[in-house]
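Student: I would like a close look at one part of this chain, a single loop residue, and then at how the rest of the model is arranged around that starting point. Please take it slowly and explain the terms as they come up.

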Amino acid sequence: MSSSRTNIIGLKVHCNACEKEFPIGKQKQTLLHKSQPIVCLGCKVELMMSAAEKERLLGFGNPLKYMMLASMISGLMGVILFGGYLLGYLKSEAFVLVAVVVTLGSNLVLGPKIKNASAPLMVNLDPKSATMTASAAP
Ligand SMILES: [Zn+2]
């Protein structure tokens with residue numbers, strides 16, 4: 001297993017105890033993969049990922065990775081074009097227009113795309129105590 005699998009951009013968790021949803025970063029994702037608890041931002045209870053949710057998580061892939069990259073590159077292009085104009089390397093105001101169009105356009109296109117792609121990236125977590133009781137029960 002490569003470690004990049006444990007870092008899904010835009011991953012959110014849903015707390016089954018208080019129904020709060022919150023995003024988690026690489027560190028917490030790694031903890032969950034190691035079957036270690038993370039603390040809920042809402043009710044402060046320790047949450048664990050069940051085997052079924054772990055399985056589901058592995059099927060997510062990382063759909064946002066390339067979209068984030070594309071959005072970064074277009075943002076960078078805009079900065080370079082605009083910076084070039086400000087520094088006097090680019091004399092034409094058309095370049096500024098291009099920079100604005102590229103930056104705004106990519107944000108308009110990629111923004112909703114990133115939002116849509118990240119919407120299903122959510123795992124349901126049970127409180128640690130509940131999963132322990134459940135596994136102890138016959
Ligand atoms: Zn909670």
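Is Ser35 buried or exposed, and how many other C-beta atoms lie within 10 Å?

Tutor: Ser35 is exposed, because 11 other C-beta atoms lie within 10 Å (12 or fewer count as exposed, 20 or more as buried and anything in between as partly exposed, with C-beta atoms placed from the backbone). This is a predicted model, in which local features need pLDDT of at least 70 and side-chain atom pairs count only at pLDDT 80 or more, while totals for chains, interfaces and linings use all residues. Residues are numbered from 1 along each chain as its sequence is written.

Ser35 sits in the loop between α1 (26-33) and β3 (38-39), where helices (H or I, at least four residues) and strands (E, at least two) are DSSP runs numbered from the N terminus. Its phi is positive, about 60°, although Ser35 is not a glycine. Most residues other than glycine have a negative phi. Glu19 is another non-glycine residue with a positive phi, near 65°, and it is placed in the loop between β1 and β2 (21-23). Glu19 also counts as exposed, because it has 9 C-beta neighbours inside 10 Å.

The helix before Ser35, α1, holds Lys26, which counts as partly exposed because it has 14 C-beta neighbours inside 10 Å. Apart from residues up to four places away in sequence, Lys26 touches Thr6 and Asn7 (two residues are in contact if their C-beta atoms, placed from the backbone, lie within 7 Å). Lys26 and Ile9, which are 17 residues apart in sequence, have their C-alpha atoms 8.3 Å apart.

On the other side of β3, Leu41 belongs to the loop between β3 and β4, and it counts as partly exposed because 15 C-beta neighbours lie inside 10 Å. Setting aside residues up to four places away in sequence, Leu41 touches Lys20 and Phe22, and its C-alpha atom is separated by 8.6 Å from that of Glu21, 20 residues apart along the chain. Further on, strand β4 contains Glu46, again partly exposed, with 15 other C-beta atoms within 10 Å. Beyond its neighbours within four places in sequence, Glu46 is in contact with Pro37, Val39, Pro127 and Lys128. Glu46 and Pro127 lie 81 residues apart in sequence, yet 5.6 Å apart in space, C-alpha to C-alpha.

Strand β4 also leads into the interior. The largest nonpolar core (buried Ala, Val, Leu, Ile, Met, Phe, Trp, Tyr and Cys residues joined through C-beta atoms within 7 Å) has eleven residues, namely Val13, Cys15, Leu32, Ile38, Cys40, Leu47, Met48, Met49, Leu57, Val123 and Leu125. The elements that each give two or more residues to this core are β1 (12-15), β4 (46-48) and β5 (122-127). Val123, one of the core residues, touches Val13, Met49, Glu53, Arg56 and Leu57 when residues up to four places away in sequence are not counted.

For the wider setting, the protein chain has five helices and five strands, which follow the pattern β-β-α-β-β-α-α-α-β-α along the sequence. Of its 138 residues, 14% are buried. Among contacts between residues at least 6 apart in sequence, 64% join residues at least 24 apart.

Elsewhere, α3 (residues 64-87) and α4 (residues 93-118) have axes that come within 9 Å and cross at roughly 165° (lines fitted to C-alpha atoms over the stretch in contact, with angles from 0 to 180 degrees between N-to-C directions). That makes α3 roughly antiparallel to α4, the term for angles over 145 degrees. Residues of α3 including Leu64, Met67, Leu81 and Tyr85 meet residues of α4 including Phe95, Val102, Leu110 and Ile114. By class, this contact of α3 with α4 has 15 nonpolar, eight polar and one charged residues (Ala, Val, Leu, Ile, Met, Phe, Trp, Tyr, Cys and Pro count as nonpolar, Asp, Glu, Lys and Arg as charged, and the others, Gly among them, as polar). Val109, in helix α4, is partly exposed, with 14 other C-beta atoms within 10 Å, and its C-alpha lies 9.4 Å from that of Ser71, 38 residues apart in sequence.

Technical notes: Parallel < 35°, antiparallel > 145°, perpendicular 65-115°, else oblique.
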